[in-house]
Amino acid sequence: MILNAAQLCKLLHGELVGDGEKKIHGPSQIDKGRPGTVTFLANPKYEDHAYTTGASVLLAGRDFVPKSQLQATLIRVDDVYGAMMYVVEQFSKNGKPQSGISDLAVTDPSCQFGEGVSVGAYACVESDCMIGSGSIIYPQVYIGHGTMIGKDVILYPGVKIYPNTQIGDRTIIHANAVIGCDGFGYRPNEQGHYMKVNHVGIVIIEEDVEIGANTVVDRGTLSVTRIGKGSKIDNLVQIAHNVDIGDHTAIAAQAGIAGSAEIGKHVRIGGQAGIAGHIKIADQIEIQAQSGVHTGKYEKGSRIFGYPAIHYMDYLKSYAVFKQLPDYIKRIEALERQLALTKKETE
Amino acid sequence: MILNAAQLCKLLHGELVGDGEKKIHGPSQIDKGRPGTVTFLANPKYEDHAYTTGASVLLAGRDFVPKSQLQATLIRVDDVYGAMMYVVEQFSKNGKPQSGISDLAVTDPSCQFGEGVSVGAYACVESDCMIGSGSIIYPQVYIGHGTMIGKDVILYPGVKIYPNTQIGDRTIIHANAVIGCDGFGYRPNEQGHYMKVNHVGIVIIEEDVEIGANTVVDRGTLSVTRIGKGSKIDNLVQIAHNVDIGDHTAIAAQAGIAGSAEIGKHVRIGGQAGIAGHIKIADQIEIQAQSGVHTGKYEKGSRIFGYPAIHYMDYLKSYAVFKQLPDYIKRIEALERQLALTKKETE
Amino acid sequence: MILNAAQLCKLLHGELVGDGEKKIHGPSQIDKGRPGTVTFLANPKYEDHAYTTGASVLLAGRDFVPKSQLQATLIRVDDVYGAMMYVVEQFSKNGKPQSGISDLAVTDPSCQFGEGVSVGAYACVESDCMIGSGSIIYPQVYIGHGTMIGKDVILYPGVKIYPNTQIGDRTIIHANAVIGCDGFGYRPNEQGHYMKVNHVGIVIIEEDVEIGANTVVDRGTLSVTRIGKGSKIDNLVQIAHNVDIGDHTAIAAQAGIAGSAEIGKHVRIGGQAGIAGHIKIADQIEIQAQSGVHTGKYEKGSRIFGYPAIHYMDYLKSYAVFKQLPDYIKRIEALERQLALTKKETE
């Protein structure tokens with residue numbers, strides 16, 4: 001969507017001051033305004049930026065009187081925040097695909113598509129899939145056979161779904177994420193050669209989940225890898241086979257959960273943290289970035305840190321000493337010298 | 001493949017008790033059974049689950065007599081484990097593509113394809129490639145020019161292979177993995193601007209290797225990045241340029257091997273571990289998850305841990321003290337006070 | 001490109017000794033030579049390899065007289081290094097796609113393409129995009145609407161660009177990288193459910209940037225995620241929303257930069273390092289691999305290491321003590337025993 005300033009002003013029931021022809025393709029911040037964008041001034045503290053912003057259009061209150069020359073076209077509105085939220089929402093619809101199944105997609109005749117589903121070019125939907133109404137399958141997505149997808153789901157370009165996956169309503173999966181690949185399971189034979197363990201379990205992603213770009217979720221070995229409803233997973237995260245993630249849990253980028261770990265509800269896992277396999281993390285635990293969690297012994301609501309992870313404050317206290325260790329060693333050596341001297345003196 | 005209980009029973013030469021019409025699309029665990037799946041009871045310890053399982057069909061021994069009402073259809077067989085392994089294998093063939101080259105794929109006329117090769121929709125195979133018999137190239141795969149692929153290889157959807165790569169028989173590469181991209185090599189000029197080093201080496205992946213989803217293997221600078229036969233690499237792993245990985249080595253998710261490192265045979269590398277460039281890791285070394293390995297001095301079979309990594313038990317012992325450091329500092333301070341007092345007293 | 005030895009010799013104005021029919025498809029190192037490749041001998045120290053190399057052709061100086069039988073065809077040239085650089089460059093052009101827009105790509109009529117642009121099969125270019133002259137869009141790339149791409153840009157297969165992204169001249173993005181996806185931003189409501197924050201900002205990648213395979217760059221929330229000119233980013237790196245990366249900065253594989261962090265110019269970030277959100281890293285700082293940087297207090301040019309990161313030498317000194325901690329504890333205990341004894345004696 002591209003609007004000019006006059007069209008935008010009309011949509012916002014505003015009052016236009018300046019050039020109505022300026023073209024707008026999105027919003028920006030006032031201190032980082034770019035040509036072709038609309039920004040806003042709600043807090044008088046930022047007024048100085050109004051005169052220097054690179055944005056093409058400035059939204060401000062009905063009572064705003066510029067103290068000097070504005071470069072931007074001004075639109076005065078009743079509710080600046082409300083107007084800006086409306087603008088953000090309008091432009092965020094930009095580039096959303098139309099409904100319908102592209103002639104350039106491959107979909108098996110056995111599949112069922114709900115109303116208003118969009119399937120983009122060069123997407124493949126294999127046999128026996130069901131895709132709920134309002135869902136958007138972007139170009140170049142692959143959906144393996146027997147997959148069940150709920151309503152209003154979004155699969156961004158390049159997402160690859162292995163067979164028999166289940167995805168709940170309103171779940172969003174970002175570009176090039178991979179769901180349902182085989183887990184890392186092998187049995188070594190006598191020569192130490194790895195024999196592959198067949199992975200015939202599945203992945204269940206519940207409703208209102210969001211999964212970041214290039215994240216990977218392995219399928220269960222015999223059973224299920226589950227991501228509970230409302231949980232949010234960032235980019236480049238690894239979720240191994242048989243992992244169970246509770247509801248409303250957040251996992252930041254590049255974290256990794258090893259096989260068969262159970263993560264509670266409302267857990268928060270920092271970036272690049274690692275959780276060992278076969279342990280159980282209690283509800284509401286907060287794991288600091290880069291921590292290595294080797295045990296499930298911490299209680300609900302704990303905050304943990306370190307490698308291996310311990311209580312957050314304990315780690316900080318120990319690390320504060322760690323940084324001073326060379327000094328403490330000198331103090332130990334001084335003690336040894338003094339004691340040797342004392343002994344001599346008392347002899 | 002979807003079977004009903006009666007068809008499954010016939011395949012297993014079993015004895016059917018209950019509804020033969022129930023439809024089965026895969027296996028499951030008895031305590032996590034789902035409708036549409038078949039599960040098994042081999043160990044009497046789990047018999048309680050037989051009465052509550054959500055699975056549609058239950059396999060059990062010839063002598064199994066239910067103590068109460070079963071929800072699931074029962075199939076009695078001679079060898080429960082054997083029957084279940086057969087079932088797992090049958091269903092794991094589910095969704096495997098048919099042989100033949102899709103009309104919707106692009107393959108250069110100079111390419112050679114062995115017997116029974118499958119190339120899926122929207123795949124591209126560039127000039128001068130050879131693909132061995134029985135190999136499966138899923139949809140949306142890209143294979144750069146001059147690439148040699150062995151027999152019975154599987155490339156899952158979205159795999160991208162840069163030119164001149166060599167891939168051995170029976171190797172499996174999971175979705176969206178990237179093989180053969182340029183390494184991270186630059187020469188800074190006087191202004192500190194990075195000049196790109198051309199990467200004209202190749203990647204050689206030997207036979208029986210498995211590579212996880214979204215893993216990246218860089219090509220050699222002038223020479224070869226090699227992954228030895230039987231080695232298994234998990235998801236989201238980074239293998240930099242000129243790395244050499246020995247045979248039957250296992251590398252867990254999100255680990256990274258920096259440029260020109262040499263990894264021995266039967267090495268095990270934990271998740272999120274990092275190996276520095278230009279070092280040599282001896283055979284059979286076990287590297288704990290998240291470790292940072294900066295030296296190749298550890299002997300064959302060592303187990304190492306930490307950041308930088310040291311012997312496993314040494315790290316654990318030092319870390320045990322680390323956790324108590326604030327207490328030890330108090331003991332040092334107490335010693336200092338006591339010694340000062342002792343000195344005063346003896347003066 | 002495949003040449004035989006005689007053709008190569010002619011291109012190099014060299015002198016041929018041996019079989020002129022041997023076919024060459026690329027270069028290799030003398031100690032790792034492979035059939036079908038050309039290698040070189042410039043430093044006499046490596047002469048022994050000349051007799052055993054597996055390469056098909058050997059380049060050497062005009063005055064090179066073999067001491068024993070060569071397996072490789074010999075080409076004598078005036079400037080061995082110069083000839084080899086020429087060879088590397090010729091073969092590195094191998095497999096580069098031809099210009100033109102594939103009949104098998106989807107491009108919106110509203111897009112503008114410069115001269116000599118190449119768009120490969122199964123690529124999608126959405127509405128209102130501009131792609132500068134000489135740029136190469138490989139197969140299976142997705143370019144969201146409103147994206148501006150400069151001249152001589154290369155997007156490798158499977159790259160996914162979300163809408164309204166800006167990419168500068170000569171920038172290279174490797175396979176399956178994702179640019180411009182939503183950042184990890186949510187507001188928890190009273191029940192601790194995460195409400196998605198709309199991401200309507202953009203990504204600006206300046207000129208001469210290189211981005212590795214499977215790397216992810218999130219779009220700004222309202223504003224811009226920027227990667228400064230000449231910066232180089234390796235594979236599997238995470239760049240979160242609103243991050244600003246200065247010019248000529250290098251970031252190694254699997255590193256992660258959290259939201260709204262500002263990274264200076266000429267910074268070097270090691271593999272698997274993590275930078276916390278909302279901090280500012282000064283110019284020319286060097287961050288060791290796997291470090292966790294929680295503060296922006298370090299001065300320009302500092303070298304830092306550890307978790308949390310401190311000055312490099314300080315970390316090494318503390319870690320040297322860490323490794324000896326069990327011994328130091330014994331010394332503290334010995335001091336306590338001796339002091340107890342001394343006190344007794346003086347009583």
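Modeller: Buried area is the accessible area (1.4 Å probe) that two parts lose on being put together, summed over both. The model here is predicted, so to speak of local features we need pLDDT of at least 70 and for side-chain atom pairs 80 or more, while totals for chains, interfaces and linings use all residues. Residues are numbered from 1 along each chain as its sequence is written, chains are lettered from A and ligands numbered from 1 in the order in which they are written, and side-chain values use heavy atoms, leaving out hydrogens and water.

Biologist: Thanks! How much area do chain B and chain C bury between them?

Modeller: Let us begin with contact, which means heavy atoms within 4.5 Å. By that rule, 70 residues of chain B touch 66 residues of chain C. Carbon and sulfur atoms carry 63% of the buried area, and the total is about 5,200 Å².

Biologist: Which three residues supply more than any other three of the area that chain B buries against chain C?

Modeller: The trio you are after supplies 15% of the area that chain B buries there. Its members are Phe184(B), Tyr194(B) and Tyr307(B).

Biologist: And how many salt bridges does the rule find across the interface of chain B and chain C?

Modeller: Side chains of opposite charge can pair when their charged atoms come close. A salt bridge is a side-chain nitrogen of Lys or Arg within 4 Å of a carboxyl oxygen of Asp or Glu. Arg331(B) and Glu336(C) make such a pair, at 2.8 Å from N to O. Across this interface, the number of salt bridges found is two.

Biologist: Let us turn to chain A and chain B. Which residues of chain A lose the most area to chain B?

Modeller: The contact draws on 71 residues from chain A and 67 residues from chain B. Between them, these chains bury about 5,200 Å². On the chain A side, 15% of what is buried comes from Phe184(A), Tyr194(A) and Tyr307(A).

Biologist: Which side chain does Lys196(A) meet in a salt bridge?

Modeller: Two salt bridges are found across the interface of chain A and chain B. In the pair with Lys196(A), N and O are 2.7 Å apart, and the partner is Glu210(B).

Biologist: As by what kind of axis are the copies chain B and chain C related?

Modeller: Copies are superposed by least squares on the C-alpha atoms of residues with pLDDT of at least 70 in both. Chain B lands on chain C with an RMSD of 0.2 Å after a rotation of 120° and 0.1 Å of shift along the axis. The two copies are therefore related as by a three-fold rotation axis.

Biologist: Now a strand. Which residues of E5(B) are buried on the side away from Thr37(B) and Thr39(B)?

Modeller: Helices (H or I, at least four residues) and strands (E, at least two) are DSSP runs, numbered from the N terminus. Buried means under 20% relative accessible area, exposed over 50%, and partly exposed in between (1.4 Å probe, protein chains only). Strand E5(B), residues 37–40, is covered on both faces. Thr37(B) and Thr39(B) are buried on one side, and on the other so are Val38(B) and Phe40(B).

Biologist: In E6(B), what is the bridge partner of Val38(B)?

Modeller: Two strands pair if DSSP finds at least two bridges between them. E5(B) and E6(B), residues 57–61, pair in the parallel sense over three bridges. In E6(B), Val38(B) is matched with Val57(B).

Biologist: Which strands stand at the edges of the open sheet in chain A?

Modeller: This sheet has 12 strands with mixed pairing, in the order E8-E11-E14-E17-E20-E25-E28-E31-E34-E37-E39-E40. Each edge strand has a single partner strand, so one side of each is left without a neighbour in the sheet; the two are E8 (100–101) and E40 (309–311).

Biologist: How many residues apart in sequence are the parts that Glu47(A) and Lys67(A) tie together?

Modeller: Their side chains meet in a salt bridge at 3.6 Å, N to O. Because Glu47(A) lies in helix H2 and Lys67(A) in the loop between E6 and E7 of chain A, the number of residues separating these parts is 20.

Biologist: Is Glu47(A) buried or exposed?

Modeller: Its partner Lys67(A) is exposed, with a relative accessible area of 67%. Glu47(A), at 13%, is buried.
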